[in-house]
Amino acid sequence: MHKVSFIGGGNMAAAIIGGLIASGAQPADIEVVEINADARAQLSARFGVVVHAELSRARLHPLVVLAVKPQTLPEVASALASRLADHLVISIVAGVRLTDLARWLGGHRRIVRTMPNTPALVQAGIAGLYAPPDVDQAARSQAEAVLRAVGGVVWVEDEARLDAVTAVSGSGPAYVFYFSHGAPTGAADLLRRRQAGARIGRGTGRPAPACDLQGRHHRTRRCGAGDGGNQAGDRPGSGGRQPAQRRTG
């Protein structure tokens, strides 16, 4: 792993830094430029990395991770432009196209754009990555290694498809969280027993990932209730009973 400079030291940057160190990177090989004094102090205390208040003080290692707010990126990128040579720039800034970023960086094209999601904060994320054709495989591998520190990675061939990555992996976890919190409450209301409802609600979601690994047939036929049970469960007041079978002959 090359030495890394982070421009911006917020939550996602901190998660990646923690993942890199857990994967074997040395704190002395990581520097962070962060304008917030409290955030700098926390990063230094937590990880032992080198911190700077100003971009001009940074050494600027071969890998540069842009982790600032979208509204501040034009100014930051313009200040960075004159210092770039063969650096690989990895952007985790949401919603900023490579054409705009390259222009702000003075025409620099050795850029990988990536969209990690919030589970990266607990090293369980999934990130979409895109690089223009002129970014070589070695650079792609370096970018992939950085993002793998906080989860899985998926490359897309068209930058526009990162919007789909954002829609699914960026927003999707929130729906899962809502369900996991709502199921115990809903079960408790139906059963009129809080503790029993909480146990059933929690138990509903827990086996789903394990079942999913078994494949579609196993997931729908064995882990699920089956067609009859699912249809009955959809009808209010059914109590989960399967519909009576019509006799023939």
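**Exercise 1. The main core**

Find the residues with the most contacts inside the largest nonpolar core of this predicted model, and name the elements that build the core.

*Solution.*
Step 1. The largest nonpolar core has 34 residues. Phe-6, Ile-16, Ile-17, Leu-20 and Ile-30 have the most contacts inside it.
Step 2. Assign the core to elements. Those giving two or more residues include the strands E1 (4–7), E2 (30–33), E4 (63–66), E5 (88–91) and E7 (125–130). The helices H1, H2 (37–47) and H5 (137–148) do so too.
Step 3. Rank the shares. H1 supplies the largest, with seven residues.
Step 4. Look for another core. A second, separate one has 25 residues, among them Leu-55, Leu-66, Val-68 and Val-89.

**Exercise 2. Around Phe-6**

List what Phe-6 touches, leaving out residues up to four places away in sequence.

*Solution.*
Step 1. Take the partners numbered from 13 to 20: Ala-13, Ile-16, Ile-17 and Leu-20.
Step 2. Add Ile-30, Glu-31, Val-32 and Val-33.
Step 3. Finish with Val-65.
Step 4. Compare with the core. Ile-16, Ile-17, Leu-20 and Ile-30 are touched by Phe-6, and these four are also among the residues with the most contacts inside the largest core.

**Exercise 3. Two residues in regular elements**

Place Ser-91 and Ala-77, then decide for each: buried or exposed?

*Solution.*
Step 1. Ser-91 belongs to strand E5. Its relative accessible area is 0%, so Ser-91 is buried.
Step 2. Beyond neighbours within four places in sequence, Ser-91 contacts Leu-66, Leu-101, Val-112, Arg-113 and Thr-114.
Step 3. Ala-77 sits in helix H3. Its relative accessibility is 0%, so Ala-77 counts as buried.
Step 4. Ala-77 touches Leu-101, Trp-104 and Leu-105, residues up to four places away in sequence not counted. Leu-101 therefore appears in the contact lists of both Ser-91 and Ala-77.
Step 5. Check a distance. Ala-77 and Arg-103 are 26 residues apart in sequence, with 9.0 Å between their C-alpha atoms.

**Exercise 4. Two loop residues**

Contrast Leu-60 with Ala-94 by accessibility.

*Solution.*
Step 1. Leu-60 is in the loop between strand E3 (50–52) and E4. Its phi is near 65°, a positive value in a residue other than glycine.
Step 2. Apply the cut-off: buried means under 20% relative accessible area. Leu-60 has 8% relative accessibility, so Leu-60 counts as buried.
Step 3. Ala-94 is in the loop between E5 and helix H4 (98–104). At 40% relative accessibility, Ala-94 is partly exposed.
Step 4. Ala-94 touches Pro-70 and Met-115, not counting residues up to four places away in sequence. Lys-69 is 25 residues from Ala-94 in sequence and 8.2 Å away in space, C-alpha to C-alpha.

**Exercise 5. The largest pocket**

Describe the largest pocket by volume, lining and residue class.

*Solution.*
Step 1. The volume is about 870 Å³.
Step 2. The lining has 31 residues. Gly-8, Ala-67, Val-68, Lys-69 and Thr-72 are the closest to the centre.
Step 3. Helices H1 (11–22), H3 (73–81) and H6 (162–170) are the elements that give two or more residues to the lining.
Step 4. Sort by class: 18 nonpolar, nine polar and four charged residues.

**Exercise 6. The whole chain**

Summarise the chain by its secondary structure, burial, contacts and surface.

*Solution.*
Step 1. Count eleven helices and eight strands.
Step 2. Of the 249 residues, 41% are buried.
Step 3. Take contacts between residues at least 6 apart in sequence; 57% of them join residues at least 24 apart.
Step 4. The accessible surface is about 14,700 Å², and carbon and sulfur atoms account for 52% of it.

Key
Residues are numbered from 1 along each chain as its sequence is written. This is a predicted model: local features need pLDDT of at least 70, side-chain atom pairs count only at pLDDT 80 or more; totals for chains, interfaces and linings use all residues. Side-chain values use heavy atoms; hydrogens and water are left out. On a 1 Å grid over the protein atoms alone, a cavity is a set of points where a 1.4 Å probe fits but cannot get out, and a pocket is an open set with protein on both sides within 12 Å along at least five of seven lines; lining residues have an atom within 4 Å of a point. Grid points are joined across faces, edges and corners, and a volume is the space filled by probe spheres set on the points. Helices (H or I, at least four residues) and strands (E, at least two) are DSSP runs, numbered from the N terminus. Ala, Val, Leu, Ile, Met, Phe, Trp, Tyr, Cys and Pro count as nonpolar, Asp, Glu, Lys and Arg as charged, and the others, Gly among them, as polar. Buried means under 20% relative accessible area, exposed over 50%, partly exposed in between (1.4 Å probe, protein chains only). Contact means heavy atoms within 4.5 Å. Accessible areas come from the Shrake-Rupley method with a 1.4 Å probe; for residues, only the protein chains shown count as cover. A nonpolar core is a set of buried Ala, Val, Leu, Ile, Met, Phe, Trp, Tyr and Cys residues joined through side-chain atoms within 4.5 Å.
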